[in-house]
Amino acid sequence: MILVPISGGLFADLLAQGGIFQSRDVLRPTYTPTELPHRKEQINNLASVLVPALRGETPSNVLIYGKTGTGKTAVAKYVGKELEEASFGDIKCAVIYINCEVVDTQYRVLAHLARHFDKDIPMTGWPTDQVYAEFRNALDEEKQVVVIMLDEVDKLVRKGDDVLYNLSRVNSELLRSRVSLIGISNDLKFTEFLDPRVKSSLGEDEIIFPPYDAEQIREILEQRAKVAFCPGALQESVIPLCAAFAAQEHGDARRALDLLRTSGELAERARSAVVDESHVRQAREKIEQDRVEEVIKTLPTQSKLVLYGIILLEEQGARNITTSAVYNIYKQLCPLVETDFLTHRRITDLIAELDMLGILHTIVISKGRYGRTKEITLSVYSGKLKGILLQDYRLKVLANVNVPQQSRLGLV
């Protein structure tokens, strides 16, 4: 019996349109291209650090710094793949990539590493030192050099540097194998929170990735667009406009690729035969809205409380909101969500992080002999921020909180 496809249906018309994409996955962050324009220097630097592995020697640990979208992860994965393919004979090289935004605790990192060597480790329940021992023993079963890439390593450090300490000293416990660490981060200051011994060991070599300029981003987009889109699907002005927008936002090639992909998807949904400038501008607005919402949703609870305190102060008409005013109300919010409050200095750090994310803006004001303070303003509409924060079940109890007068005026 021959089955005849049913004509019509929910997706039939949509499938029939086509004409925009050949391979949209080429524009996603998970795609690693075979060529990396404008990163030859960084590729060669990382390769020169890792080449001792091909001689069976221990490569130096290395920290890779650079803002989001500067090619750090793509270069690391590219060089890692080349290293594995170049290993031969008795010298085996293995590269293990871990995204610390997802695998974000010492237990999870060690379990992930042990599972790479086919060890059956439960998601929870074992003592951490037992998981470490399983990983170490599995690592030493044969002669090999293992390169461990820890992407977004600063996310891991925020919960303690024990795992980095253990991994940085594991070579002293190995007889046959050797380990090298590659830490990847967009936070140039995260090493300030490390134990000095870990900081010294992890930062044996450093590679800095500068932002791309508009012309470099344009070339990257053109390279990907040839594979991603059908011929004639893009107006000539689309790629230069995407590149210009991304260059304004600190040379973020990842954002440029997202912008180009989203522009194509919006054109596709509008049943347009080509992607034009209007789709790019719509995509930019959509991405910015989605980015802010996603960033706020994934903030730690303490940062959410700080942000909620600022919103409450602004709603009550407080002017010249200072760090001290925020700290005063933050301390009153913590008991309501059954959490301990942090020190004034740590809250100052959290405010600086929120500033870096573009959620709020701070300026330093001199108060003469009384020292200096920061004045804080929100960069996003407070009503929208409040709605997103209250989606967190832990913060729902704050929906009807009023700000006591003394908190609003606590400007010391």
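These are my notebook entries on a few spots I looked up in this predicted model.

**Ground rules**

I number residues from 1 along each chain as its sequence is written. The model is predicted, so I asked for pLDDT of at least 70 for local features and 80 or more for side-chain atom pairs, while totals for chains, interfaces and linings use all residues, and side-chain values use heavy atoms, without hydrogens or water.

**Entry 1: D140**

I started with D140, in the loop between helix 5 (128-139) and strand 3 (145-151). Helices (H or I, at least four residues) and strands (E, at least two) are DSSP runs, numbered from the N terminus. Which side chain of opposite charge is nearest to D140? I found R176, 5.8 Å away, and D140 is buried yet has no salt bridge. Here buried means under 20% relative accessible area, exposed over 50%, and partly exposed in between (1.4 Å probe, protein chains only). A salt bridge needs a side-chain nitrogen of Lys or Arg within 4 Å of a carboxyl oxygen of Asp or Glu. For charge, Lys and Arg count as positive and Asp and Glu as negative, with His and the chain ends not counted.

I then looked at what the side chain of D140 does reach. One of its polar atoms lies 2.7 Å from the backbone nitrogen of L175, and the D140 side chain reaches the backbone nitrogen of R176 at 2.8 Å. Leaving aside residues up to four places away in sequence, D140 touches L174, L175, R176 and S177 (contact means heavy atoms within 4.5 Å).

**Entry 2: aromatic rings**

How many aromatic pairs does a search of the whole structure find? I got three. Rings of Phe, Tyr and Trp (its six-membered ring) pair if their centres lie within 6.5 Å; planes under 30 degrees apart count as stacked, over 60 as edge-to-face, and the rest as tilted. The ring centres of F21 and F229 are 5.0 Å apart with the planes at 25 degrees, so I noted this pair as stacked. The pair links distant parts of the chain, 208 residues apart: F21 is in the loop between helix 1 (12-17) and helix 2 (40-50), and F229 in the loop between helix 9 (214-228) and helix 10 (238-248). Both F21 and F229 are buried.

My next pair, F117 and F135, is tilted, at 6.3 Å centre to centre and 40 degrees between the planes. F117 sits in the loop between helix 4 (106-116) and helix 5, and F135 in helix 5, so the pair ties together parts 18 residues apart in sequence. Both F117 and F135 are buried.

I also checked for charges over rings (NZ of Lys or CZ of Arg within 6 Å of the ring centre and within 35 degrees of the ring normal). K77 lies over the face of Y97, 4.3 Å from the ring centre, and K331 over the face of F341, 5.7 Å from the ring centre.

**Entry 3: helix 4**

In helix 4, I listed Q106, Y107, V109, L110, A111, L113 and A114 as buried. Their cover includes strand 2 (93-99), helix 5, strand 3, helix 6 (153-157) and helix 7 (162-169). Just after helix 4, D118 takes a positive phi of about 65 degrees.

**Entry 4: salt bridges**

My search of the whole structure gave 22 salt bridges. E265 and R28 meet in one of them at 4.0 Å, N to O. This pair links distant parts of the chain, with E265 in helix 11 (residues 253-269) and R28 in the loop between helix 1 and helix 2, 237 residues apart. Is E265 buried or exposed? E265 counts as buried because its relative accessibility is 10%, whereas R28 is partly exposed at 29%.

R136 and E173 form another salt bridge, at 2.9 Å, N to O. R136 is in helix 5 and E173 in the loop between helix 7 and strand 4 (178-185), 37 residues apart. R136 counts as partly exposed at 21% relative accessibility, and E173 as partly exposed at 27%.

I also noted E315 and K386, whose side chains meet at 3.2 Å, N to O. E315 lies in helix 13 (residues 301-315) and K386 in helix 16 (residues 382-389), so this salt bridge ties together parts 71 residues apart in sequence. E315 is partly exposed, at 42% relative accessible area, and K386 is buried, at 16%. Last, I found R24, D25, R28, D258, R261, E265, E268 and R269 joined into one network by salt bridges that share partners.

Terms used:
A polar contact is a pair of N or O atoms within 3.5 Å; within protein, one must be able to donate a hydrogen and the other to accept it, and residues adjacent in sequence count only if both atoms are side-chain atoms.
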